[in-house]
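This report is meant for a reader who is meeting the structure below for the first time, and it begins with a metal site before turning to the chain as a whole.

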Amino acid sequence: MSRLIWQYNRIDLCFKGKAVSRGIGIGKIVRLQSRRRFYQTRLSEGGKSKELRRFRAAVRLAKRQLRKLVSRESSSVQRGIFEAQIFILEDREFIEKIESKISEGTSAELAIREIANRYIILYKEIQDEAIREKYIDVEDVSDRILSILNRSAHLLTQISEDTILVIDELKPSVIVEFGKKGLVKGVISESGGWTSHAFIIARELGIPAVTGLQGFSRLVVGGETAVVNGYDGEVILFPSEETIKTFSERVEKKSFSFSEFQGNETKTLDGKVIEILVNLDFVETYENAKKLGAKGVGLYRSEFLFNQRKGFPSELEQFEVYKKIVESVGEDRVKIRTFDLNAEGFSEQFHERNPALGLRAIRLGLTYEREFRKQIRALLRASAARSIDVVLPMISDISEILKAKKILREEREKLVDRKVRVGELRLGIMVEVPSAVFMIEEFLAEVDFVNLGTNDLVQYILAVDRDNESVSDWFRTLHPAVIRAIDIVLRKAEETEKEVVVCGEMAGSPVYVPILVGLGATRLSMNVNSIARIRHFISNIAYEEAYEVARKVLQAKSADEAEEIVHRKFTQNWRHLFPSEFFPKGKS
Ligand code: PEP
Ligand code: MG
């Protein structure tokens, strides 16, 4: 159950969770359920016709939703997906099969699952790739009807201005679909941590979020007013007028004046230049990032683009998107990471006991080599206009790099033979598992650059699931083992004059940036909404003092000691660089 911390009076019920996206959000609660359960039921005669009506109404609503999405969507890729799904709902044979199951006495949910699964299996066996991929649309569209039947879709249609989403587990697709419309003012989630992908997106969209409030969704029904305080993890249910007024003032208040950054260079007080890049999830964001001083894209998570549909997009769809990114970024460099999906993200048919250690990222790419080759071809073609940096995720052995390089060479040759225009790809890897740290010299010899993925590095070095709220106390970014690993990579890269971009969430946090700078990092890639804050911070500290703190942290014997060193430095020397809400209540 959520921890009830205090009660101002009978109205202001205050819960304490973890802040994962800064800002204040005030609005009315809409509750969503991310997991569904189905039960085998036998329907009575009367029940059968009621169930048929329920199913037909859900199909009608799904079609209406999809038509609306088609009319609003500007991207031809996304429009095509929604159109294909309407087509499935108009397929008489598919619908009749489900209806006949219901007429036999099966619940609508089970009937959909059973029939959809049969189609999915059949499609998956088809040789022709274009037809085979239709299973993804069947899966997606049946999910949509299931959520409508589950009532959550009714709730989705209730999302209006000033919504506070309450959810058991926030999925990237949910925050993308609803957050982008600007209606969601805050998120309260039961699970997920600072580095969960959904919260990375929430930060990019500037939506305040609090996580770790287990059982919270059972306490509300929807429609209640709530305040989400994304600075210190507070959630206030039934806020009084006075509380709303106090927090409303904070919604308006901007923490920093951004006008201080007119030039593009970010330097420490003693003149060390730090290059600021952006982690981009939506192409449109780049314009703003550039204005704020980003000098390129340090990480584009290609899988985010397609996470509303399961499975892999076609080569043409990918080509169009990558080309658009390269065009939007112009003269600056862009690093596009190949799909970092796990098996479940690829298809709901897969279930792994431990997805973080499973068929994820480069492993999935090399297992489904056709798909990987398709992505490489799309990237090669998109680089014809301007060169692209390609990043391979989760590399743990040199053989993965060598295989990828071979594929790259072969696909390039084939395209050239076919007289297709291709450009240059520079190849890099994510350094995010311990073996990559130990083998960094060998890996560096094979690549043009590396991206340091500190989110996964912490997860794998400390064996702590980054998405599991119950072990979040063990997710210690400043653990000396993590800091020493980062130090090794930065030093080896410097020796071999290879570029390193730090692109985990650490690079966008003022608490960790001085340590990174002190260790010698010169390229930091972060969420667009962190850029101004980090530039402000870097411009007001000296490299020399950052170096000293970093040395001390490197020598610390424990995470506690490392955190204490950093905390002391902040309170003694850097406190003035932060808005007051930055320092949690009670800490000096
Ligand atoms: C990381 O692991 O730090 C990273 C940048 O990649 P992702 O968060 O997508 O796993
Ligand atoms: Mg990672």
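In this predicted model, the magnesium ion (ligand 2) has as its protein donors Glu432, through OE, and Asp456, through OD, which lie 2.0 to 2.1 Å from the ion. These two residues bring together distant parts of the chain, since Glu432 sits in the loop between β15 (425–431) and α19 (434–438), while Asp456 belongs to helix α21 (residues 454–461), 24 residues apart. Glu432 is buried, with a relative accessible area of 2%, and Asp456 is likewise buried, with a value of 2%.

Cysteines give a second topic. A search through the whole structure finds zero disulfides, a disulfide being a covalent bond between the sulfur atoms of two cysteines. Cys14 is buried, at a relative accessible area of 0%, and Cys503 is buried too, at 1%.

The residues named so far are set out here with their accessibility.

| Residue | Relative accessible area | State |
|---|---|---|
| Cys14 | 0% | buried |
| Glu432 | 2% | buried |
| Asp456 | 2% | buried |
| Cys503 | 1% | buried |

Turning to the chain as a whole, its secondary structure consists of 26 helices and 18 strands, and of its 588 residues 56% count as buried. When contacts between residues at least 6 apart in sequence are considered, 70% of them join residues at least 24 apart. The accessible surface of the chain comes to about 26,200 Å², and carbon and sulfur atoms account for 49% of that surface.

How values were computed: Residues numbered from 1 in each chain as written. Chains lettered and ligands numbered in written order. Predicted model: local features only at pLDDT ≥ 70, side-chain atom pairs only at ≥ 80, totals over all residues. Heavy atoms only, no water. Disulfide = S-S within 2.5 Å. Buried < 20%, exposed > 50% of the residue type's maximum accessible area, 1.4 Å probe, protein only. Donors = N, O, S within 2.8 Å, 3.2 Å for Na, K, Ca; no water. Helix = DSSP H or I, 4+ residues; strand = E, 2+ residues; numbered from the N terminus. Contact = heavy atoms within 4.5 Å. Areas by Shrake-Rupley, 256 points an atom, 1.4 Å probe, with all protein chains shown as cover.
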